[in-house]
Amino acid sequence: MAETTKRTILVTGGSGLVGKGIEKYVKETDKSNDVWVFMRSSDCDLKSKESTRNYFEKIRPTHVIHLAARVGGLFSNMKYKVEFFRENIDINDNVLACCKEFNIVKCVSCLSTCIFPDKTTYPIDETMIHNGPPHPSNEGYAYAKRMIDVLNRAYNEEYGCKFTSVIPTNIYGPHDNYHLTDGHVIPGLIHKTYLAMKNNQDLTIMGSGKPLRQFIYSYDLAKYFVWALNNYEEMSPLILSVGEEDEISIADVARLITEAMEFKGKLIFDTTKADGQFKKTASNLKLKSLVPDLTFTPIQQAIKESCQWFIDNYETARK
């Protein structure tokens with residue numbers, strides 16, 4: 001680690017899925033004198049330049065992990081493209097402008113694999129982000145996220161800022177958003193399974209179940225996010241993902257969830273609903289070259305833990 005002085009690390013989006021994962025990881029492993037500030041949306045409106053600047057003035061961070069974003073599942077992205085684009089552009093512009101103004105030592109932002117071109121060769125890697133348009137289903141969100149990479153390079157070239165980013169594949173785990181339509185696939189399926197069991201119904205899954213995804217457990221992602229803050233020195237983005245061999249279909253994920261929750265009903269795939277992008281296989285070779293002892297929680301175990309967290313926290317979980 002380059003810096004030895006005490007650091008104040010601001011985590012935007014600190015109460016979300018990844019923020020909570022980092023908070024847990026830091027509590028369990030961080031033996032330094034670093035001060036970690038996990039910012040909630042109620043602490044500051046990052047869409048407002050003034051609010052963002054006032055918050056930076058108050059916290060005076062030395063480092064930033066930028067997670068905050070307007071996010072949602074496939075159907076939410078398809079319906080609100082304008083809002084996903086404009087709100088994320090505002091958030092990212094305000095955060096990075098304040099990072100520059102307050103002389104942040106380093107900022108690591110969170111991108112998404114949905115930023116990659118829709119028409120591409122697989123596996124996708126870090127060099128391919130701007131090679132073509134993203135999938136039309138989430139282009140508002142995807143283009144806004146791509147602009148973080150553009151801004152990072154621009155700030156570095158013009159002002160020498162150490163701004164970089166990581167690209168996780170599909171994230172899941174405790175503290176997710178379990179909304180039935182706006183949530184991502186795993187939390188949405190966990191909630192649906194819970195309700196199907198409660199109401200003694202079969203489980204209907206949107207789409208064919210055939211699309212393939214690489215999923216990363218939020219606690220594993222937290223470990224590699226903190227590693228990136230401390231060790232990753234390039235400006236170009238870094239994919240944080242399980243290997244290509246760990247790609248899994250939505251149907252198999254649904255089966256893992258129903259097994260974990262001991263659901264006994266039938267699984268029905270509603271093929272009248274959109275599947276979204278069929279696959280977006282990402283290469284983690286760059287990460288493996290930097291972290292040779294790369295390990296991940298087995299998906300069966302991680303899904304079981306995620307299901308149990310939702311059951312235990314049903315009343316207060318975001319849904």
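## Close-up views of a predicted model

**View 1. The open sheet and its edges.** Six strands (DSSP runs of E, at least two residues, numbered from the N terminus) form an open sheet in the order β2-β1-β3-β4-β5-β10, with parallel pairing, where two strands pair if DSSP finds at least two bridges between them. Because β2 (35-38) and β10 (238-240) stand at the edges with a single partner strand each, one side of each is left without a neighbour in the sheet. Neighbouring strands are turned by 20° against each other on average, direction ignored. The model is predicted, with local features needing pLDDT of at least 70 and side-chain atom pairs pLDDT 80 or more, while totals for chains, interfaces and linings use all residues. Residues are numbered from 1 along each chain as its sequence is written, and side-chain values use heavy atoms, leaving out hydrogens and water.

**View 2. Strands β3 and β4 with the helices on the sheet.** Strand β3 (residues 63-66) pairs in the parallel sense with strand β4 (residues 106-110) over four bridges, and V64 stands opposite C107 in β4. Helix α5 (residues 139-159; helices are DSSP runs of H or I, at least four residues) lies across β3, β4 and β5 (163-168), running at about 155° to β5. Helix α7 (residues 218-231) packs on the sheet, touching β1 (8-12), β2, β3, β4, β5 and β10 (contact means heavy atoms within 4.5 Å), and its direction makes about 150° with that of β4. Axes are lines fitted to C-alpha atoms, for helices over the stretch in contact, and angles run from 0 to 180 degrees between N-to-C directions.
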